[in-house]
Amino acid sequence: MPLAMRRLGNTELVVSRLGLGLAAVGRPGYITLGRAHDLPALRTEAALYERTAALLDAAVTAGVRYVDVARSYGRAEAFLARWLDAHPAVAPPPTVGSKWGYRYTADWRVDAPLHEQKELSLARFREQLAQSRALLDDRLALYQIHSATADSGALEDQALLAALVEARRAGACRALGLTLSGSDARRALDRALAAAIDGERVFDVVQATYNVLERSLASDLAAAHAEGLGVIVKEAHANGRLTPGNRRPEDRRLRARLDELAHDATLPLDRLALAFVVAEPWVDVVLSGAATVVQLQSHAAALDATIAPAVRDALSELVESSDLYWRTRAALPWT
Ligand SMILES: NC(=O)c1ccc[n+]([C@@H]2O[C@H](COP(=O)([O-])OP(=O)(O)OC[C@H]3O[C@@H](n4cnc5c(N)ncnc54)[C@H](OP(=O)(O)O)[C@@H]3O)[C@@H](O)[C@H]2O)c1
């Protein structure tokens with residue numbers, strides 16, 4: 001069954017409602033919860049390319065036509081470019097979104113002291129746009145500021161905003177976006193909506209966290225969508241906390257309640273978490289962060305799932321305060 005497709009906000013980009021994110025497989029270390037079990041013991045470049053290619057094969061077969069990468073996801077852009085080169089006949093080809101702002105610094109090590117280094121400057125944008133284009137060329141459709149915060153100054157940096165708009169006008173990418181993280185994301189979204197150069201809105205797309213536990217941006221994202229922004233949701237599984245892979249002792253009660261509700265919904269837990277997100281009409285794309293093909297296939301099935309109102313109401317009891325949610329996320333180890 002092909003997945004439902006739609007336009008990404010007011011952009012000309014056409015996307016599937018399920019996208020595939022490559023954060024978990026483009027580099028050996030990340031913060032999801034079951035990596036030791038779900039990834040090969042030897043996380044060489046060759047092994048992770050094989051995993052990425054298997055995921056892309058399965059995703060495209062399932063109808064996925066949006067792929068999310070970033071400069072900082074290790075070799076994710078290069079892996080995607082290699083896979084796209086090897087599959088020129090995929091029609092329509094997946095729409096590709098990447099991000100700039102963080103540099104990958106872990107040197108292919110899981111125990112690196114610093115995995116990523118952030119700088120939302122004009123110089124970093126120019127440097128990383130050239131790197132992303134060198135790998136992805138015209139396939140780079142959407143270029144996003146990676147985790148733009150209100151206090152970074154980037155959203156008021158007129159020289160940077162002008163350079164972003166110039167890149168879009170010149171065709172270096174077809175749409176501009178920003179991704180949001182943290183409990184202060186609303187302020188960043190407000191600033192992004194206000195950002196304009198010569199009366200031309202800078203940002204076409206926002207990528208933000210929304211899931212059963214963290215819903216604080218729901219009304220703001222719905223309003224942004226109504227204003228024409230494309231909305232991409234990340235972390236629908238709360239970095240693995242909303243999956244069977246979550247064995248954190250602190251989440252024992254949460255897991256028990258989630259398992260009961262998944263049973264009531266007659267859905268596996270991972271599918272329930274995704275179906276919850278995709279039910280929102282203002283969500284254009286929900287990203288799967290699948291680390292295995294089995295996970296990806298389960299995620300694709302979520303698009304056909306519906307959640308009974310009673311289960312949806314019961315899921316509302318599990319909402320966490322934004323502060324607690326982001327403190328918990330910040331404490332997840334890189335493994
Ligand atoms: N700031 C940003 O822009 C930003 C931030 C975060 C993510 N993203 C994007 O969003 C994508 C998704 O985010 P995320 O990686 O944090 O995703 P997520 O959907 O919250 O968590 C994904 C993880 O959950 C686990 N999982 C999923 N299904 C499972 C199942 N059936 N059974 C057991 N475990 C399961 C897998 O991890 P294990 O196999 O390790 O358990 C998987 O990697 C990323 O790939 C990235 O492209 C962007």
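This dialogue explains how to read several features of the structure above.

Visitor: What kind of model is this, and how are its residues numbered?

Guide: This is a predicted model, in which local features need pLDDT of at least 70, side-chain atom pairs count only at pLDDT 80 or more, and totals for chains, interfaces and linings use all residues. Residues are numbered from 1 along each chain as its sequence is written.

Visitor: Which strands close into a barrel, and in what order?

Guide: Strands are DSSP runs (E, at least two residues), as helices are (H or I, at least four), numbered from the N terminus. Two strands pair if DSSP finds at least two bridges between them. Here eight strands form a closed barrel with parallel pairing, in the order S3-S4-S5-S8-S9-S12-S13-S14. From one strand to the next, the twist averages 30 degrees. As one case, S13 (residues 230-234) and S14 (residues 285-288) pair in the parallel sense over two bridges; Val 286 in S14 is the bridge partner of Val 233.

Visitor: How should the packing of H9 and H10 be described?

Guide: Two packed helices are described by the angle between their axes and the distance between the axes. Axes are lines fitted to C-alpha atoms, for helices over the stretch in contact, and angles run from 0 to 180 degrees between N-to-C directions. H9 (residues 269-278) and H10 pack at about 45 degrees, their axes being 8 Å apart. H9 is therefore oblique to H10 (under 35 degrees is roughly parallel, over 145 roughly antiparallel, 65 to 115 roughly perpendicular, and the rest oblique).

Visitor: Which residues come nearest to the ligand?

Guide: A residue counts as near if its C-beta atom, placed from the backbone, lies within 6 Å of the molecule. Of the 33 residues around the ligand, the nearest are Gly 21, Gly 34, Asp 38, Thr 179 and Gly 289. Helix H1 (35-38) and helix H10 (293-301) are the elements that give two or more residues to this shell.

Visitor: Where do unusual backbone angles occur, including the cis peptide bond?

Guide: The cis bond joins Ala 91 and Pro 92, with omega of about -10 degrees. Pro 92 sits in the loop between helix H3 (76-86) and strand S5 (95-100). Asp 137, although not a glycine, has a positive phi of about 40 degrees; its loop lies between helix H4 (122-136) and strand S8 (140-145).
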